[in-house]
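Biologist: I should like to request a close look at a single part of this protein. Please describe one strand, its partners and its surroundings in a connected account suited to a first-year student.

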Amino acid sequence: MKAREFGFPGRLDEGNRMGVAIVHRDMVDLNSLVSSALIKRGGVPAVPFSIIEHYRDGAVDYSILPSLLRAGLTPVLFGGDTYVSGGDYCGIYSGGDRIMRDLAEMLRPEEAVFMTDVDGIFESDPKRDSRARLIPRFSGEGGHCWAGAGGTSPAV
């Protein structure tokens with residue numbers, strides 16, 4: 001991952017400050033391409049949502065999302081964006097799986113579409129764990145909550 005090349009996560013310093021900007025720019029560029037495709041090809045009123053712009057006190061502030069949804073807009077979120085905490089620490093908000101969990105807890109949707117770069121939901125990251133087992137059927141009912149498999153997939 002490009003972030004490691006720049007020495008983060010970790011303390012923000014002269015050595016990784018430019019890295020935060022570069023990784024964030026790359027993620028925004030990718031999000032822009034996805035949003036543009038949704039607008040042009042799908043007729044979806046897509047609005048990019050960047051983690052770094054909404055990160056407060058150790059968590060992402062999603063409070064604007066219900067207003068956007070009520071307005072008929074479709075927020076497009078993505079994992080892997082940079083964040084800065086306390087002005088002296090930088091990191092990566094890891095993966096769309098974390099975002100999906102956050103959004104499911106906040107919005108309580110009947111359904112959610114989770115696009116990944118692997119075929120299904122696994123108990124662990126199948127790219128890193130050869131023993132990762134596919135979860136054939138997933139339900140949030142009965143108090144079961146999937147908290148993420150540690151992947152780096154986009155939530156759209």
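**Strand E7 and its surroundings**

Modeller: Within strand E7, Tyr89 is the bridge partner of Arg11. The model under discussion is a predicted one, and this pair is a suitable place to begin. Strand E1, which covers residues 10–11, pairs with E7 in the antiparallel sense over 2 bridges.

E7 also pairs with strand E6, residues 81–85; these two strands run antiparallel and are joined by 5 bridges. One of the pairs between them matches Tyr83 with Gly91 of E7. E6 and E7 together form a hairpin, with 3 residues between the two strands. Gly86 lies in the turn of this hairpin and has a positive phi of about 65 degrees.

Is E7 mostly covered or mostly open to the surroundings? The strand, which spans residues 89–93, is mostly covered, as 4 of its 5 residues are buried. As a general rule, in a regular strand the side chains alternate between the two faces of the sheet.

The cores of the protein can now be brought into the picture. The largest nonpolar core has 12 residues in all, among them Tyr83 and Tyr93. Tyr83, already met as the bridge partner of Gly91, is thus named again in this core. Other members of the core include Phe49, Ile51, Leu68, Ile99 and Leu103. Helix H3, residues 65–70, and helix H4 are the elements that give two or more residues to this core. A second, separate core of 8 residues includes Cys90, together with Val20, Met27 and Phe78. In soluble globular proteins, nonpolar side chains tend to be buried together.

Leu68, a member of the largest core, is in contact with Leu73 and Pro75, leaving aside its neighbours within four places in sequence. Helix H4, which runs over residues 95–107, includes Leu107. Leu107 has a relative accessibility of 34% and therefore counts as partly exposed. Together with Leu69 and Met106, Leu107 makes a nonpolar surface patch of about 230 Å².

Finally, the strand may be placed in the whole chain. The protein has 4 helices and 7 strands, and from the N terminus on its elements follow the order α-β-α-β-β-β-α-β-β-β-α. Of its 156 residues, 33% count as buried. Among contacts between residues at least 6 apart in sequence, 59% join residues at least 24 apart.

Key: Residues are numbered from 1 along each chain as its sequence is written. This is a predicted model: local features need pLDDT of at least 70, side-chain atom pairs count only at pLDDT 80 or more; totals for chains, interfaces and linings use all residues. Side-chain values use heavy atoms; hydrogens and water are left out. Buried means under 20% relative accessible area, exposed over 50%, partly exposed in between (1.4 Å probe, protein chains only). Contact means heavy atoms within 4.5 Å. Patches are made of residues with over 30% relative accessible area and no salt bridge: like charges are joined within 9 Å, nonpolar side chains (Val, Leu, Ile, Met, Phe, Trp, Tyr) within 5 Å. Accessible areas come from the Shrake-Rupley method with a 1.4 Å probe; for residues, only the protein chains shown count as cover. A salt bridge is a side-chain nitrogen of Lys or Arg within 4 Å of a carboxyl oxygen of Asp or Glu. A nonpolar core is a set of buried Ala, Val, Leu, Ile, Met, Phe, Trp, Tyr and Cys residues joined through side-chain atoms within 4.5 Å. Two strands pair if DSSP finds at least two bridges between them.
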